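Visitor: Before we start, could you show me the structure and then explain how its descriptions are justified?

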Amino acid sequence: MSQDIDKGDQDKPQTHLAKDELALWQALKKKSATTASVLRGEIGPGVSGADFSILSRIEELGEQGNILAQSELMKSLGWDKSRLSHQLTRMQERGLIARRRNGRETEVVLQQGGSHLLASARPKQVSIVKKYLAQLTEAEAKAVKALAKKL
């Protein structure tokens, strides 16, 4: 697509996407929104997509499956500091996680309530994701992985 740009116009700021670029961008945005909505509200009562993302990342990436540096959590989610901090505050108030200082780093610790919530939500999440991904052929799945890695 990038070769479609007129070489004489490269120095001018672009104000609009080409028709095919816009269609591709809209398709990517729509699929991203669809993927998020597949999980939102369907995992289980009292579990938001954000809750599940954080709890599962702590379990998957954390030391002993229950402690993860807040900076690592932020990086793995691709969230900004403010969004993560607000979400963690809400989760801490509900007894799902705790935060503690370890030297200069803040750690996020999975609490018993978070472990129970994650354990009850995971089977539903696995079922939803498997059903969603089953729509793809093996070749399509490989192409999506390659595209995601590239972007």
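## How the descriptions are justified

Guide: Glutamine 70 is a good place to begin, because at 14% relative accessibility it counts as buried. Please keep in mind that this is a predicted model.

Visitor: What makes glutamine 70 count as buried?

Guide: The word buried is used for residues under 20% relative accessible area, and glutamine 70 has 14%, so it falls on the buried side of that cut-off. This residue has its place in helix H3, which covers residues 70-77.

Visitor: Which residues does glutamine 70 touch, leaving aside those up to four places away in sequence?

Guide: Contact is called when heavy atoms lie within 4.5 Å, and on that footing glutamine 70 touches Leu84, Leu88, Arg99, Glu105, Thr106, Glu107 and Val108.

Visitor: Why is leucine 73 called buried?

Guide: Leucine 73 is also placed in helix H3, and its relative accessibility is 0%, which is why leucine 73 counts as buried. Its contacts, not counting residues up to four places away in sequence, are Ile54, Arg57, Leu68, Leu84, Leu88 and Val108. Leucine 73 and glycine 62 are 11 residues apart in sequence, while their C-alpha atoms are 8.9 Å apart in space.

Visitor: How do you know that the span of helix H2 is close to what is expected?

Guide: The expected span is 1.5 Å times one less than the number of residues. Helix H2, residues 49-61, has 13 residues, and the distance of 18 Å from its first C-alpha to its last is close to the expected 18 Å.

Visitor: Which residues of H2 are buried, and what covers them?

Guide: The buried residues in H2 are Ala50, Asp51, Phe52, Ile54, Leu55, Ser56 and Ile58. Their cover includes strand E1 (67-69), H3, helix H4 (81-93), strand E2 (97-102), strand E3 (105-110) and helix H5 (112-133).

Visitor: How do you know that E2 and E3 pair?

Guide: Two strands pair if at least two bridges are found between them, and E2 and E3 have 6 bridges, in the antiparallel sense. Within this pairing, isoleucine 97 stands opposite leucine 110 in E3, and arginine 100 stands opposite glutamate 107 in E3. The two strands form a hairpin with 2 residues between them, and glycine 103 in the turn has a positive phi of about 70 degrees.

Visitor: With which sense, and over how many bridges, do E1 and E3 pair?

Guide: E1 and E3 pair in the antiparallel sense over 3 bridges, a number that meets the requirement of at least two. Here alanine 69 stands opposite glutamate 107 in E3.

Visitor: What makes E3 mostly covered?

Guide: The description rests on a count, since 5 of the 6 residues of E3 are buried.

Visitor: How do you know that the charged end of arginine 83 sits over the ring of tryptophan 79?

Guide: Part of the test is that the charged atom lies within 6 Å of the ring centre, and the charged end of arginine 83 sits over the ring of tryptophan 79 at 3.8 Å from its centre. A search of the whole structure for aromatic pairs, by contrast, finds 0.

Visitor: What pattern does the protein chain follow along its sequence?

Guide: The pattern is α-α-β-α-α-β-β-α-α, with 6 helices and 3 strands in the chain. Of its 151 residues, 24% count as buried.

Conventions. Residues are numbered from 1 along each chain as its sequence is written. This is a predicted model: local features need pLDDT of at least 70, side-chain atom pairs count only at pLDDT 80 or more; totals for chains, interfaces and linings use all residues. Side-chain values use heavy atoms; hydrogens and water are left out. Helices (H or I, at least four residues) and strands (E, at least two) are DSSP runs, numbered from the N terminus. Buried means under 20% relative accessible area, exposed over 50%, partly exposed in between (1.4 Å probe, protein chains only). Rings of Phe, Tyr and Trp (its six-membered ring) pair if their centres lie within 6.5 Å; planes under 30 degrees apart count as stacked, over 60 as edge-to-face and the rest as tilted. A charge sits over a ring if NZ of Lys or CZ of Arg is within 6 Å of the ring centre and within 35 degrees of the ring normal.
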